[in-house]
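Subject: Structure for your review

Dear colleague,

Please find the structure below, followed by an account of what was found in it. I should be grateful if you would read the notes with the structure open beside them.

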Amino acid sequence: MYDCEGCGRSRQGLYFGSGIGEAQWWCWSCQSTDQKELINSLDGRAQGVLNRDADGVHWPYGPNIYVQMRADLLDWADRHDLKIGNTGCQSGLHWLDKGRCAKRECHGKPEFYDHTTTWLSRTTGKPALVFNQPYGQVDPAEVRESISEYPSLTAEVGPESWYGAGTTGVYIWNDGNRP
Ligand SMILES: [Zn+2]
Ligand SMILES: [Zn+2]
């Protein structure tokens, strides 16, 4: 909960606008009709992309409070033909490689893991991507090293992310599960 731009009180709400520093917090009572419509339309677009229950869409960390990140995440997921996948696999790599984590004890993940999300191909329904968005630069060699024991996986490091705020997009793909 943060201080609302409208009433100045610390109330439940969401951040609107781009940029973690610049976005403005509006509480549920003070949100405009346009802001409410934007929230609803993004919830609608999340159908088939993210999970939901009676409490609403399960937005990942970041988009859970930043509305602009919701839009950016949905555009990104459309571009890559992805929907959210859930796994208890710590690194996600066993799941990405074999479709499940068969390790009795699955611990540990590389240093570049942050804001981690795991994704399925919408077309094949199979694990396609382990996605990290750490702050700052990431050495592609470090990412390749982390997946060296998985011949089916490939790595890609790029500026594109939906978290923004100076984070880097670190992609670990299972290309065999993508159309
Ligand atoms: Zn308010
Ligand atoms: Zn695992």
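I begin with one cysteine. Cys-106 is located in the loop that runs between helix 3 (93-98) and strand 8 (117-121). Please bear in mind that this model is predicted. Because 17 other C-beta atoms lie within 10 Å of it, a count below the 20 needed for a buried residue and above the 12 of an exposed one, Cys-106 is classed as partly exposed. Beyond its neighbours within four places in sequence, Cys-106 makes contact with Cys-89, Gln-90, His-94 and Cys-101. Tyr-66, by contrast, is not among these contacts: its C-alpha atom is separated by 31 Å from that of Cys-106, and the two residues are 40 apart along the chain.

The same loop, between helix 3 and strand 8, also holds His-115. The phi angle of His-115 is near 50 degrees, a positive value in a residue that is not glycine. In general, most residues other than glycine have a negative phi. His-115 is partly exposed, since 18 other C-beta atoms are found within 10 Å.

A second residue with a positive phi is Asp-81, where the angle is near 60 degrees and the residue is again not glycine. Asp-81 is placed in the loop between helix 2 and strand 7 (82-84). With 15 C-beta neighbours inside 10 Å, Asp-81 too counts as partly exposed.

Helix 2, which precedes that loop, takes part in a helix pair. The axes of helix 1 (residues 33-45) and helix 2 (residues 67-80) come within 10 Å and cross at roughly 30 degrees. Angles under 35 degrees count as roughly parallel, and therefore helix 1 is roughly parallel to helix 2. The crossing of helix 1 past helix 2 is left-handed. On the side of helix 1, the residues that meet the partner are Leu-38, Ile-39, Leu-42 and Arg-45; on the side of helix 2, they are Val-67, Arg-70, Ala-71 and Leu-74. Sorted by class, this contact comprises six nonpolar residues, two charged residues and no polar ones.

Val-67 of helix 2 also appears in the surroundings of Phe-16, a residue of strand 3 (residues 13-16). Setting aside neighbours within four places in sequence, Phe-16 is in contact with Ala-23, Gln-24, Trp-26, Gln-35 and Val-67. Phe-16 and Ile-65 are 49 residues apart in sequence, yet their C-alpha atoms are 8.8 Å apart in space. Phe-16 has 19 C-beta neighbours inside 10 Å and so counts as partly exposed, as a buried residue would need 20 or more.

Finally, some values for the chain as a whole. The protein chain contains four helices and eleven strands. Its radius of gyration is 18 Å, close to the 16 Å that the globule rule gives for 179 residues, so the chain is as compact as a globular protein of that length. Along the principal axes, the C-alpha atoms fill a box of roughly 55 × 30 × 30 Å. Of the 179 residues, 28% count as buried. Among contacts with a separation of 6 or more, 51% are between residues 24 or more positions apart.

Yours sincerely

Definitions and conventions
Residues are numbered from 1 along each chain as its sequence is written. Chains are lettered from A and ligands numbered from 1 in the order in which they are written. This is a predicted model: local features need pLDDT of at least 70, side-chain atom pairs count only at pLDDT 80 or more; totals for chains, interfaces and linings use all residues. Axes are lines fitted to C-alpha atoms, for helices over the stretch in contact, and angles run from 0 to 180 degrees between N-to-C directions. Helices (H or I, at least four residues) and strands (E, at least two) are DSSP runs, numbered from the N terminus. Angles under 35 degrees count as roughly parallel, over 145 as roughly antiparallel, 65 to 115 as roughly perpendicular and the rest as oblique. A crossing is left-handed if the near helix is turned anticlockwise from the far one by less than a right angle, and right-handed if clockwise. Two residues are in contact if their C-beta atoms, placed from the backbone, lie within 7 Å. Ala, Val, Leu, Ile, Met, Phe, Trp, Tyr, Cys and Pro count as nonpolar, Asp, Glu, Lys and Arg as charged, and the others, Gly among them, as polar. The radius of gyration is taken over C-alpha atoms; the globule rule is 2.2 Å times the number of residues to the power 0.38.
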